[in-house]
Every structure is written in structure tokens, then in C-alpha cells.
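Please look over the structure below before reading on. The text after it deals with a pair of packed helices, then a single helix, then the chain as a whole.

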Amino acid sequence: MVSRFRGKGGLLSSTILVVDDDADIGLLLCDRLQAMGHEVQAAADGEAALAAISRDLPMLVFLDIEMPKINGLEVLRRIRKQWPELPVIVMTAYGTVARAVEAMKDGASDFITKPFEMEQLRGTVAKALERKALSSEVVRLLGDISHEIKNLLMPVVCGAELLESEIHELVDRLPEMEAVKAQASHKLCDQVIAMLRDTAGRIQERTKEIADYMKGVGSVALFGSCSIATVVAGVFKTLRLVAEEKGILLRAEGLDSLPVIRADEKRLYTAFYNLVNNALAEVPAGGSVIVRGEDHRDQEELWLWVSDTGGGMPPEVRATLFTMHTISLKSDGTGLGTRIVKDVIEVHGGQISVDSQEGRGTTFSIRLPYRPPEVKSAEGAR
């Protein structure tokens, strides 16, 4: 049997599942958790607990060790197998602390002894939820970075293959090659090498962000003078060879006339790289990817569009864009790219939307303020 209790004042900071076969202890714990503002579910045994978790995944589980049907340790093992990220706090009496230690070895997040003291309970809950939030953030960050590194490596691999092919052809034809042909090949090789160096440098910068994050330095947006035309030109430079190999035109319209804004140039590069790179994967030979911009001075905003002539998105893909559940059309895709873009735009106080229909291509619309909110606040405080 599962009972549900709502936190006092209607505050739903998180849902917590309390699993205990002792009705009095379970009710006491539920009352105290409600008083802290949490929504609470109560289950009287292990089977009911597992069924409740399957129906509605809670933020946190309080689990008694000694229970009928399925004991607490077995319930914990099953939770760890099916929901490895779900924090579980085991409850134990003073005489069974050894069982709590055993539970910690099996993956419990923490343990608490009966009877429960309010401050101890509050601290245990806060610590467990903080760990869960930190774990989710680290996973999200590593997923973002992994996705970006994969994307950034794509032109490196493509460029290396082109360079290898060009050099082989140069060596094979060297005896009869005209000077003009040699110069053209030399120029192409220089372009590829420059692209490889630029992309490798960006990978190094992104990797440094990982190290800074893990050292506690954090990943802080660095707002400075930023030209959208320069950002997009850098993206086009990196992806031009990929586009040419696929027979796709990259074009910028109206960007040179846009004013310089306050923005994090590296993050905007990441956003436009993801949008253009994703488009290249969907556009057929002979198609195009266009980045267009307009200055709306009266609103102190830049309006930007990234449009492609690809096949468009089906409704189920379009509906999940910008979420953790994004569906990728690419066989090896993770779907993280558009959510990364949304995060970048929102850091700048901007907005992004998409218009896409199957057979008619896709257009992402972006509105970027001249200055992000935190920059405005800092300037207003002076």
C-alpha cells in the first residue's frame, strides 16, 4: 500500500518516498518531511516501494532495512540496478548500525538512526539532494562537452583525409605537374592544416574548461565585445571543407552591418557551430545553410536566423528540441546539440525558437540582446 502526503503550504520542493513497515515510525517521518515542505509518499513494504518508484520516480527514498517480503538491502540492490542515480537513505536503529554500513557498501547514499531528530533529518535530506543535483550537473556538463568534442573532431578527421588524399595525388603526379597545379594543391593543404590547428585549439580550450570545473573554478560566462559576423565567419571557416565536400553552400547575410554586442564569444561560437554542423548533416548536395541577421535598435536586440534546405523535422523530433529528451535524426547523434544552443542563448538573456516542416527545411530564430542581463545590472549599479 502506498499513501501520499502533501507538504504544508503546498510547497513541492521534491517528492520523497518513505518505506517502513512500522506504521507509527513511517507516519512520524512523513509528518516531519511534510513540515519541511516536501511532498511525501509512504510504502509499507519493499514490493510496494518498488512498484511506487516504477510509477513515479521520487527525488529521494528513505528505506528501512528490516522489512517483511523483501528486506531493505534487497530493495536497495534492485534500486541501484534499475535507478542508479536515485539517492537512498537507509533507516536503522542504534543496534543495527552494522547493517547500515553494509547498505552503504551496496550503494546507499547515507543512513539515519531512529528516533529522528529534526535538525539531523533536515541536514541529511539537504545533503542527499545536493549530491543528486551536483551529480546531475556533472553528468550534464560532461555530456555537453563530449558532444561538442565529437562535433569539433569531425572536421579534423575529414580534413586529415582530404590532406592525405591531396598529398598522395601530389606525389603520384609530381613529374608532370604544372606549377599552377602545384600552387593550388599547396594552398589547399595550407587551408586544411590551418583548419586542423584552429579546431585543435578549440578542443584544448574546451578541455581546459573541464579541468577548471573539476578544480572548482567553474564555467563563468566571459562577456566582452563580440561581433556576430566574426563568430559566424569562424564557424564557416572550420566547416567550409566539410560543406564543400558535400556540395553545400554556406552563406552569411546582413551580419557585417550588425553592431558589436556584449557577449561570450566562445559560447556563441559553440551555439552557431552546433546549428550549422547539425544542418550540414541534413542538407543534400546542392543545398545551403544561411545565417542571416538584422539589427533591431529600438529593442536593443539582434535578430538572427539559421536556415537550411534540408528535409525538415517530424513533429515528434521538433517537440523534444531544447530538452533533455531530444531525439536525434543522426544514427550516431545524441540530440544534445540543440539543448546546448538553448543554454548558451539563455545565458545571454536571449530567446530561441524553431520553425521546421518535413520537406521544407528548418529555420532557427534567435533574439540576442545587446547586453546580457547581468551586464546591464552591473552597469546600472555603478
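**Helix packing and burial**

In this predicted model, helix α8 meets helix α10 through Arg267, Leu268, Thr270, Ala271, Asn274, Leu275 and Asn278 on the α8 side, and through Gly337, Thr338, Ile340, Val341, Val344 and Val347 on the α10 side. Sorted by class, the residues of this contact are seven nonpolar, five polar and one charged.

Two packed helices are described by the angle between their axes and the distance between the axes. For α8, which covers residues 265–282, and α10, which covers residues 337–347, the axes come within 9 Å and cross at roughly 145°. The crossing of α8 past α10 is left-handed.

A second helix, α3, spans residues 72–82, and its buried residues are Gly72, Leu73, Val75, Leu76, Ile79 and Arg80. Viewed down the axis of α3, these buried residues fall within an arc of 155°, so they line one face of the helix. The general background is that an α-helix has 3.6 residues a turn, so residues three or four places apart point the same way. On the face of α3 turned away from the buried side are the exposed residues Lys81 and Gln82. At the start of α3, a side-chain oxygen of Asn71 comes to within 3.1 Å of the backbone nitrogen of Leu73, and Leu73 is itself one of the buried residues of the helix.

Turning to the whole, the protein chain contains 11 helices and 13 strands. Of its 382 residues, 44% are buried. Among contacts in the chain with a separation of 6 or more, 72% are between residues 24 or more positions apart.

Conventions: Residues numbered from 1 in each chain as written. Predicted model: local features only at pLDDT ≥ 70, side-chain atom pairs only at ≥ 80, totals over all residues. Heavy atoms only, no water. Axes fitted to C-alpha atoms, helices over the stretch in contact; angles between N-to-C directions. Helix = DSSP H or I, 4+ residues; strand = E, 2+ residues; numbered from the N terminus. Left-handed = near helix turned anticlockwise from the far one by under 90°. Contact = heavy atoms within 4.5 Å. Nonpolar A, V, L, I, M, F, W, Y, C, P; charged D, E, K, R; others polar. Buried < 20%, exposed > 50% of the residue type's maximum accessible area, 1.4 Å probe, protein only. Arc of directions from axis to C-beta. Polar contact = N/O pair within 3.5 Å; in protein donor to acceptor, adjacent residues only side chain to side chain.
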